[in-house]
Number of protein chains: 2
Amino acid sequence: MKYFITGGAGFIGSNMTDRLLSEPENEVVVYDNLVTGRMEFLEEALKNDRFTLIKGDTQDLPALTRAMKGCEFVFHFAANADVRMGCEHPRKDLEQNTIATYNVLEAMRANGIKRIGFSSTGSVYGEAEVIPTPENAPFPIQTSLYGASKLACEGLIAAYAEGFGFTAYIFRFVSILGERYTHGHVFDFIKKLNNDPTKLHVLGNGKQRKSYLYVKDCMEAILTVVRNTNEKVNIYNLGTDEYCEVNDSIGWITGKLGLTPTMEYEGGERGWIGDNPFIYLDTKKVRSLGWKPKYSISEGVVKTVEYLQANPWVFDRED
Amino acid sequence: MKYFITGGAGFIGSNMTDRLLSEPENEVVVYDNLVTGRMEFLEEALKNDRFTLIKGDTQDLPALTRAMKGCEFVFHFAANADVRMGCEHPRKDLEQNTIATYNVLEAMRANGIKRIGFSSTGSVYGEAEVIPTPENAPFPIQTSLYGASKLACEGLIAAYAEGFGFTAYIFRFVSILGERYTHGHVFDFIKKLNNDPTKLHVLGNGKQRKSYLYVKDCMEAILTVVRNTNEKVNIYNLGTDEYCEVNDSIGWITGKLGLTPTMEYEGGERGWIGDNPFIYLDTKKVRSLGWKPKYSISEGVVKTVEYLQANPWVFDRED
């Protein structure tokens, strides 16, 4: 199968690239503007003759359409992933998420490609009333521009499935951790501790509960769904059935690093406007397909710390 | 109160304009590109010195921002309302609904205006599993580009409410009928019968069930919500607690016109791709505020026929 991966030089995209290339029958075309994606993440892939890298932007519909030619399945992972800055740059989510997804769908239509996998987010549930939150939770009210833009993408994709005969795989992620992870709590904490190992400043009260999934478990979950379901629109929560407090992950990080920083907390229950105090997804649906995570949250955090210690260059750039 | 109404020269917008101007304390600024809106609908308003018409497009953010200056409440009714053509022009819904709504929100933010009323649609429920469908129905899967774009707008508006302290009123309409109605089943049927009173061609099998609301009842419902609720995000279904089949409305129309055309049906259960066979909303929430419709569906249809007979010029233009 010839796969096209937008954002294929990013955290999720490059992990999927390597995972797909590990199967000899697959070819992968990565389309990435290399703004947050990094060539280093494609180091292995670039040695493979079943791999092609095309530098391009999802805002450029003609280039995107040309690049997609001959592919059979699109993983659309390119996105503005800077969840916290939504209120400072509201146009970013609109352009890089909503309009970009429209462009991907139009490029697919022009190329006669009808299967798409999409990285959505548990943020679409807003402040969920039902926890753990199932895919068919009560119609949510959006609380962040990021979640709203991902929901807009989901809606577009589902409407294309209905209107143009696409098959859609929509994944609502919790936070993902692991190799090549370059934004979010764990990254920020380690970055701060690298600068000053004696203290750690935390947005929020540290009691925010989070459910992280290890990236390689996430890749297996995605492929399990794509290879075992065939509805017009297949929507799956991806996460683990455990959660931790931000303070727990700080404990695992500092433990692994051998540090005992002074803690400073800022803000109340929420670290930033639009942050959800708790995203914890019901994953019965994906588990019913036989998938389950191999790694616990604490193992995922420790693997992430190990990766970031071994690859200090990922901190060189502001993502 | 000084109101700003996008799409104020359209069906819903001009009815709201007249309704607000009927109260001596209100001023109204209408912003409309006059593509589907019509000057004729503002005939009365234009005589009123509390009324201002600004010709402009919601795609033009600088002009929109200038026009909004000094207003206190925004009704955002401008939209691509051509539900059926979604698959022929997918970009229209993206631009005229999603991006336009983003522009309205940004113009409000630039002007320090924090209250918005928005015309969404029952189509956001997709193929509802629960009928009548309440506002907190299970998280729906979108089935039309129109519904998907309106859901994208809802998400943006709710995220602005959370992020920027807006108060949002989101109305999920069933089909609206009445004076100045210029698209949809009843309009199409009368247009066809004007051309050839001996036969009537119907998209679908005529058994599609529809729940129409009379436009003046709709205006009262909107004002009841806006004046009696104050949550951050107020989402209300607007409709009647009855429904009819398309064939019923054909009976009322032909009865009123004194015609007995031969019927021709085309297509099956759905008139067009993405059409919902049945949109019937649970309106307990708005009724709990004391509102109820004054007119039945059949009365609304008959009033519409009377209006269209008295104003044949509305058929002059392809909307």
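What rotation superposes chain B on chain A? The answer is 180°, with 0.0 Å of shift along the axis. The RMSD of that superposition is 0.0 Å. This is therefore the relation of a two-fold axis. The contact fits that picture, as the same surface serves both copies. Of the contact residues of chain B, 100% recur in chain A. Keep in mind that this is a predicted model.

Now look at where the two chains meet. Chain B gives 40 residues to the contact, and chain A gives 40 residues. How is the size of such an interface expressed? Often it is given as the accessible area lost when the parts come together. Between chain B and chain A, the buried area is about 3100 Å². Carbon and sulfur atoms give 74% of it. On the side of chain B, three residues lose the most area to chain A: Tyr102(B), Phe139(B) and Glu162(B). Together they make up 22% of what that side buries.

What about charged and polar pairs? The rule finds zero salt bridges across the interface of chain B and chain A. Polar contact does occur, in four residue pairs between the two chains, both residues of each pair being at pLDDT 80 or more. Which elements of chain B touch chain A? Helix H3 (90–111), helix H4 (145–164) and strand S11 (233–238) each supply at least two residues. H4(B) gives the largest share of that side, with 12 residues.

Next, turn to a strand inside chain B. Find S4(B), residues 73–76. In a regular strand, the side chains alternate between the two faces of the sheet. Are the residues on the two faces of S4(B) buried or exposed? Phe73(B) and Phe75(B) lie on one side, and both are buried. Val74(B) and His76(B) lie on the other side, and they are buried too. Both faces of this strand are covered.

S4(B) also has strand partners. Strand S1(B), residues 2–6, pairs with S4(B) in the parallel sense over four bridges. Within this pairing, Thr6(B) stands opposite His76(B). S4(B) pairs with strand S5(B), residues 115–121, as well. That pairing is also parallel, over three bridges. Here Val74(B) has Ile116(B) as its bridge partner. Val74(B) and His76(B) thus appear twice in this account: they are buried, and each faces a named residue in a partner strand, Ile116(B) for Val74(B) and Thr6(B) for His76(B).

Follow the chain on from S5 to a loop with an unusual bond. Which residues does the cis peptide bond join in chain B? They are Ile131(B) and Pro132(B), with omega about -5°. Pro132(B) lies in the loop between S5 and H4 of chain B. In chain A, a cis peptide bond joins Ile131(A) and Pro132(A), again with omega about -5°. Pro132(A) sits in the loop between strand S5 (115–121) and helix H4 (145–164) of chain A.

Finally, check two backbone angles. Arg180(A) is not a glycine, yet its phi is positive, about 80°. Look for Arg180(A) in the loop between strand S7 (175–177) and helix H5 (185–195) of chain A. Is Arg180(A) buried or exposed? Arg180(A) counts as buried because its relative accessibility is 14%, and the cut-off for buried is under 20%. Leu34(B) also has a positive phi, near 55°, and is a residue other than glycine. Leu34(B) is placed in the loop between strand S2 (27–32) and strand S3 (51–55) of chain B.

How values were computed: Residues are numbered from 1 along each chain as its sequence is written. Chains are lettered from A and ligands numbered from 1 in the order in which they are written. This is a predicted model: local features need pLDDT of at least 70, side-chain atom pairs count only at pLDDT 80 or more; totals for chains, interfaces and linings use all residues. Side-chain values use heavy atoms; hydrogens and water are left out. Buried means under 20% relative accessible area, exposed over 50%, partly exposed in between (1.4 Å probe, protein chains only). Two strands pair if DSSP finds at least two bridges between them. Copies are superposed by least squares on the C-alpha atoms of residues with pLDDT of at least 70 in both. Contact means heavy atoms within 4.5 Å. Buried area is the accessible area (1.4 Å probe) that two parts lose on being put together, summed over both. A salt bridge is a side-chain nitrogen of Lys or Arg within 4 Å of a carboxyl oxygen of Asp or Glu. A polar contact is a pair of N or O atoms within 3.5 Å; within protein, one must be able to donate a hydrogen and the other to accept it, and residues adjacent in sequence count only if both atoms are side-chain atoms.
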